[in-house]
Amino acid sequence: MRKISVLKVGIIAATSFFLGACAQAADSKDQSQFEQIVTEAIRPIMEENNVPGMAVAVTVQGKRYFFNYGVASKESGQKITQDTIFEIGSVSKTFTATLASYAQVSGTLSLLDNASKYLPALADSSFNKISLLNLGTYTAGGLPLQFPDDVNNQQEMIAYYKGWRPSYAAGTHRLYSNPSIGLLGYLAARSMGKPFDELMEKKLFPKLGLTRTYLKVPQHQMGKYAYGYSKDNKPTRVSPGVLDSEAYGVKTTASDMIQFVEANMNGTDLDETLQRAIAKTHTGYFKVGDMTQGLGWEMYTYPINLDRLLAGNSSQMSLKVNEVTRLALPMSPQQNVLINKTGSTNGFGAYVAFIPIKGIGIVMMANKNYPIPVRVKTAYQILMALDSKLELTSAR
């Protein structure tokens with residue numbers, strides 16, 4: 001009996017070793033194939049747009065792959081890694097949306113409430129008729145892309161909001177706006193009784209398992225913080241501004257961002273409140289062409305062709321007023337969608353996209369603000385190649 005038991009243990013161990021070796025070989029093959037797909041797409045755009053460095057991460061059905069190109073600093077020659085810290089600009093809005101959604105799921109606010117409810121200083125202002133949902137979907141009635149130059153502190157910010165008058169009825173037109181979603185983040189934090197930065201850095205980021213994501217990069221991490229490069233190729237980093245944390249202030253790594261993407265596709269290891277909050281950011285409220293506006297995120301029925309995706313990420317959408325169609329009932333979170341968000345600062349350019357039904361997603365971060373159509377086209381090329389590979393694999 002003992003000989004049989006020893007033999008059985010040996011067989012199990014050998015089988016386990018064999019399966020492990022096979023899995024390792026498969027992962028290595030995938031890494032090599034994905035690297036070819038990504039590199040063929042990334043190298044040309046870096047050269048054409050004079051991008052010093054890029055970190056790209058893809059997730060394919062729960063497995064992460066990282067691809068790093070160029071330098072974090074042209075002056076020092078420091079190489080890009082998956083732990084290089086980049087500015088992600090307006091991709092930050094997806095974190096702000098997650099915090100606001102978390103506040104709603106936790107019961108400290110309702111997105112249907114008027115904004116003035118959470119800031120008494122706005123009583124008797126236009127924000128008596130503008131909901132938090134309007135702020136989070138850029139449909140408040142024409143809040144501009146940026147604050148005026150003379151708004152430099154909280155007192156001036158509140159005075160600006162008090163004096164601002166909408167050009168359109170709330171919920172009828174979309175104008176992409178930092179002061180709009182920035183105010184949502186500010187009011188969500190007020191509803192939770194703590195400053196926005198503290199809630200993000202001490203609550204939301206840790207709950208998401210993000211260990212290298214910051215609003216203010218700590219001193220001991222500054223060596224990993226890439227320099228961005230301006231149009232004239234001078235090193236630069238983002239300057240402080242009113243509601244900058246809420247609208248465009250997140251700095252993070254490829255390894256953290258791809259984890260955030262996975263949490264948005266399948267957050268089963270997160271606490272239930274956070275899972276619900278993330279899912280609700282994928283609820284659709286308004287349509288502009290093929291794009292459905294969620295909370296922070298922008299969504300397209302999948303499959304979507306490149307021209308339509310480019311139209312949804314065009315300057316017409318980001319810089320001009322667009323009439324919206326309000327959905328009679330909010331569209332519940334869908335699996336057969338492509339969800340995306342762009343982000344830029346003066347020296348950095350980011351793009352994030354994922355397709356839940358396929359279990360694939362991509363994060364692209366660069367230390368140069370290169371054209372958004374190039375980002376979208378490149379990411380689309382990579383995602384479609386990954387999708388084709390998955391279909392070929394499943395057909396075997």
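**Polar contacts, sheet and core in a predicted model**

In this predicted model, the side chain of N322 comes to 2.9 Å from the backbone oxygen of Q316, and the side chain of N322 also reaches the backbone oxygen of K320, at 3.1 Å. N322 belongs to strand β11, which is made up of residues 322-323. With a relative accessible area of 9%, N322 counts as buried, because this value falls under the limit of 20% that applies to buried residues. When neighbours within four places in sequence are left aside, the residues in contact with N322 are T172, H173, R174, V288, Q316 and M317, so that Q316 appears both in this list and as a partner whose backbone oxygen is reached by the N322 side chain.

The strands considered next form an open sheet of nine, in which the order is β2-β1-β15-β14-β13-β10-β9-β8-β12 and the pairing is antiparallel. The edges of this sheet are formed by β2 (63-70) and β12 (325-331), each of which pairs on one side only, and from one strand to the next the twist averages 20°. At the β2 edge, the pairing with strand β1 (residues 53-60) is antiparallel and extends over eight bridges; within this part of the sheet, T59 stands opposite R64 in β2.

Two other strands of the sheet, β13 (337-344) and β14 (349-355), are joined by a loop that contains G347. This glycine is buried, its relative accessible area being 2%. Not counting residues up to four places away in sequence, G347 touches G228, Y229 and T236, together with A366, N367, K368 and N369. By contrast, N266 lies 32 Å from G347, C-alpha to C-alpha, with the two positions 81 residues apart in sequence numbering.

A further feature of the model is its largest nonpolar core, which has 124 residues, and among these I42, M54, F95, F127, L135, Y161 and L208 touch the most other members. The greatest contribution to this core comes from helix α5 (residues 178-192), which gives eight residues. In soluble globular proteins, nonpolar side chains tend to be buried together. For L208, the contacts beyond four places in sequence are with F95, Q259, F260, A263, L270, L274 and I278; of these partners, F95 is itself listed with L208 among the core residues that touch the most other members.

Technical notes:
Residues are numbered from 1 along each chain as its sequence is written. This is a predicted model: local features need pLDDT of at least 70, side-chain atom pairs count only at pLDDT 80 or more; totals for chains, interfaces and linings use all residues. Side-chain values use heavy atoms; hydrogens and water are left out. Helices (H or I, at least four residues) and strands (E, at least two) are DSSP runs, numbered from the N terminus. Buried means under 20% relative accessible area, exposed over 50%, partly exposed in between (1.4 Å probe, protein chains only). Contact means heavy atoms within 4.5 Å. A polar contact is a pair of N or O atoms within 3.5 Å; within protein, one must be able to donate a hydrogen and the other to accept it, and residues adjacent in sequence count only if both atoms are side-chain atoms. A nonpolar core is a set of buried Ala, Val, Leu, Ile, Met, Phe, Trp, Tyr and Cys residues joined through side-chain atoms within 4.5 Å. Two strands pair if DSSP finds at least two bridges between them. Axes are lines fitted to C-alpha atoms, for helices over the stretch in contact, and angles run from 0 to 180 degrees between N-to-C directions.
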